[in-house]
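Work through the exercises below with the sequence and the coordinates open. Each task is followed by a solution in steps.

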Amino acid sequence: MKDPRSVPMNRREFLYGAGALGTAYTVLPLNFVQRGLVTRRALNLNTLAKFVDPLPVPGVLQHDELRPSPLDPKFQIPYYRLHMREAETKLHRDLKPTHIWGFNSTLPGPTFEARSGQGILVEWMNELPTRHFLPVDHNLEGAEADKPEVRTVIHLHGGRVPPESDGYPEHWFVPGKSSVCFYPNNQDAATLWYHDHAMGINRLNVYAGLFGLFLIRDEFEDGLGLPSGKCEIPLILCDRQLDQDGQLLYPVSPDPKAPWVPEAFGDAYLVNGRIWPFLDVERRPYRFRILNAANGRFFHLELSNQMEFQQIGSDQGLLSTPVAATQLTLAPGERADVIMDFSKTPHENIVLNNDNLGLMQFRVASRATVSAAAIPKTLRPVMRMPETEATKTRELLLEETVDAADNPTIMLLNRKRWTDPVTEDPALGSTEIWSLVNGTDDSHPIHLHLVRFQVLDRQNFYVANYLRKRELKFTGPPVPPEANELGWKDTVRAEAGMVTRIIVRFDGYAGRYVWHCHILEHGDNEMMRPYEIRAT
Ligand code: C2O
Ligand code: CU
Ligand code: CU
């Protein structure tokens with residue numbers, strides 16, 4: 001039986017949905033089986049009081065020192081150190097501290113505040129234990145039994161970063177080691193984020209807590225007069241399963257030798273690392289940087305009073321104009337920059353819901369506040385890329401194979417595994433159209449490193465025919481992207497049974513990057529491919 005509080009989002013979420021309530025995949029973590037401990041029971045979230053913790057806001061990082069820039073040693077640039085450590089953190093007032101892995105011991109990690117055009121250096125320091133506390137599956141590529149159990153490598157998602165600093169999944173380092181990355185920040189103001197990307201255990205490291213926000217600001221954005229200071233707040237969303245002691249449970253398959261599961265969902269929703277927090281707001285506009293940092297959950301956000309809000313930015317920065325909406329869908333990896341204006345709402349409590357389940361509460365102040373500047377009607381111009389600019393179109397199949405019981409066994413991009421030779425090899429500076437042909441029953445958020453892109457359209461096709469003959473037959477007209485998908489993106493929902501087309505200019509650097517599904521369980525099981533930008 002399915003958890004009644006959870007509204008299934010797709011077939012997968014239905015099958016493996018929230019909690020331990022008798023699905024094929026139980027919540028018995030492998031490591032506890034190995035240690036001979038008995039079953040840990042899932043926490044009944046109804047025992048927790050709602051909206052009793054103030055929303056935590058991750059601290060902003062200060063740099064440790066200045067060091068010569070890799071571009072020109074005459075210039076000194078900020079140098080940050082981040083410590084990945086095991087730690088304990090309170091997820092809710094009524095829970096005991098939860099064991100996590102966090103950057104500087106926090107979940108989420110501290111927030112970077114960078115300026116466009118001003119590079120920084122970051123030393124990522126792995127100070128984690130040598131044993132993992134979540135169930136490693138040694139059958140997965142890169143996580144074989146001969147590999148160190150605990151490895152990390154950090155990727156700046158959305159960053160225009162030279163290949164050696166991009167966090168290539170195989171460039172992991174072990175506890176006691178560190179790695180220095182250079183982030184040039186030569187890009188528009190945007191809501192980026194950083195997270196672990198280690199081969200084969202990425203889903204576990206992120207689930208343990210290794211992620212945080214990275215904001216880039218620029219003068220153009222400064223000039224818009226958007227809400228700032230205490231009126232600009234990140235909302236970092238994820239879901240987790242917890243046991244009765246409030247400890248993280250990562251679901252496992254019934255086979256202890258192959259614990260990987262195709263998705264991991266939890267019924268505990270965290271906003272900035274807290275379950276059901278509240279935020280006192282004044283009667284004025286607020287700017288929220290919303291990030292879906294979940295392993296596999298899609299969020300469908302809505303306010304309990306049906307209040308309209310304005311989306312002003314997406315993954316790679318500002319939209320050309322604000323998009324008014326009452327609902328917002330965010331797939332794993334996607335971001336939305338949103339203005340919520342509480343100036344016209346009465347003194348009341350408003351709940352931010354996901355599929356009708358509360359995530360957090362806004363408590364609107366009783367007194368009216370001084371009026372704030374209006375949101376500009378136009379933001380940053382986004383030139384739509386003409387299709388004629390593309391010199392190549394690639395047809396890329398998203399596919400999953402299932403076993404006799406219809407359980408997914410492997411997820412593939414274009415029928416290739418991670419270790420197969422590179423097939424996507426655009427020339428530096430060239431433009432391509434990628435047609436993401438989704439032959440599965442689920443939406444997959446596809447992310448390309450390094451680049452930003454635009455969504456062209458989506459179109460239904462005859463799946464069985466394609467899988468058999470690799471021949472595209474459309475069964476409906478092309479559907480234009482949604483209004484909030486008309487800006488620059490780096491992660492796109494490739495919808496089930498549709499061809500999703502994106503147009504990409506491969507600017508920046510030549511070298512090796514990756515593209516993958518941002519459902520981390522998929523990326524860890526072959527839904528990730530290297531790609532190579534060829535120098536010309
Ligand atoms: Cu946010 Cu390659 O990932
Ligand atoms: Cu990325
Ligand atoms: Cu996927």
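The exercises concern a predicted model and deal with metal sites, aromatic rings, strand pairing and one proline.

**Exercise 1.** Identify the protein donors of the copper ion (ligand 2) and state which parts of the chain they join.

Solution.
- Step 1. The protein donors are NE2 of His-155 and NE2 of His-447, at 1.8 to 1.9 Å from the ion.
- Step 2. His-155 belongs to strand S7 (residues 154-157) and His-447 to strand S27 (residues 444-448), so the pair ties together parts 292 residues apart in sequence.
- Step 3. Buried means under 20% relative accessible area. His-155 has 1% and is therefore buried; His-447, at 0%, is also buried.

**Exercise 2.** Describe the coordination of the copper ion (ligand 3) and the spacing of its donors.

Solution.
- Step 1. His-444 (ND1), Cys-517 (SG) and His-522 (ND1) coordinate this ion at 2.0 to 2.1 Å.
- Step 2. Along the chain these donors follow the spacing H-x72-C-x4-H.
- Step 3. Because His-444 lies in strand S27 and His-522 in helix H6 (residues 520-523), the pair ties together parts that are 78 residues apart in sequence.
- Step 4. Both His-444 and His-522 are buried.

**Exercise 3.** Classify the ring pair Phe-112 and Tyr-194, and place the two residues in the chain.

Solution.
- Step 1. A pair of aromatic rings is described by the distance of the centres and the angle of the planes.
- Step 2. The model has 23 aromatic pairs. In the pair Phe-112 and Tyr-194 the ring centres are 5.3 Å apart and the planes stand at 85°, so the pair is edge-to-face. The cut-off for that class is over 60 degrees.
- Step 3. Phe-112 is in strand S5 (residues 112-115) and Tyr-194 in strand S9 (residues 190-196), so the pair links distant parts of the chain, 82 residues apart.
- Step 4. Phe-112 and Tyr-194 are both buried.
- Step 5. One aromatic cluster is formed by Tyr-80, Phe-103, Phe-112, Trp-124, Tyr-183, Tyr-194 and Phe-214.

**Exercise 4.** Which arginines lie over the faces of Tyr-79 and Tyr-207?

Solution.
- Step 1. Over Tyr-79 lies Arg-67, at 3.8 Å from the ring centre.
- Step 2. Over Tyr-207 lies Arg-240, at 4.5 Å from the ring centre.

**Exercise 5.** Trace the strand pairing of S9, and find the bridge partner of His-155.

Solution.
- Step 1. S7 and S9 run antiparallel and are joined by four bridges. The partner of His-155 in S9 is His-195.
- Step 2. S9 also runs antiparallel to strand S10 (residues 211-217), with six bridges between them. Here His-195 stands opposite Phe-211.
- Step 3. S9 is mostly covered, with seven of its seven residues buried.

**Exercise 6.** Is Pro-110 buried or exposed, and which residues are in contact with Pro-110?

Solution.
- Step 1. Pro-110 sits in the loop between strand S4 (98-103) and S5.
- Step 2. Its relative accessible area is 9%, so Pro-110 is buried.
- Step 3. Setting aside neighbours within four places in sequence, the contacts of Pro-110 are Pro-58, Gly-59, Leu-61, Leu-82, Phe-103, Asn-104, Tyr-194 and Leu-213. Among them, Phe-103 and Tyr-194 belong to the aromatic cluster of Exercise 3.
- Step 4. Pro-110 and Ile-502 lie 392 residues apart in sequence, and their C-alpha atoms are 32 Å apart in space.

Technical notes:
Residues numbered from 1 in each chain as written. Chains lettered and ligands numbered in written order. Predicted model: local features only at pLDDT ≥ 70, side-chain atom pairs only at ≥ 80, totals over all residues. Heavy atoms only, no water. Donors = N, O, S within 2.8 Å, 3.2 Å for Na, K, Ca; no water. Buried < 20%, exposed > 50% of the residue type's maximum accessible area, 1.4 Å probe, protein only. Phe/Tyr/Trp six-rings, centres within 6.5 Å; stacked < 30°, edge-to-face > 60°. Lys NZ or Arg CZ within 6 Å of the ring centre and 35° of its normal. Contact = heavy atoms within 4.5 Å. Pairing = 2+ DSSP bridges.
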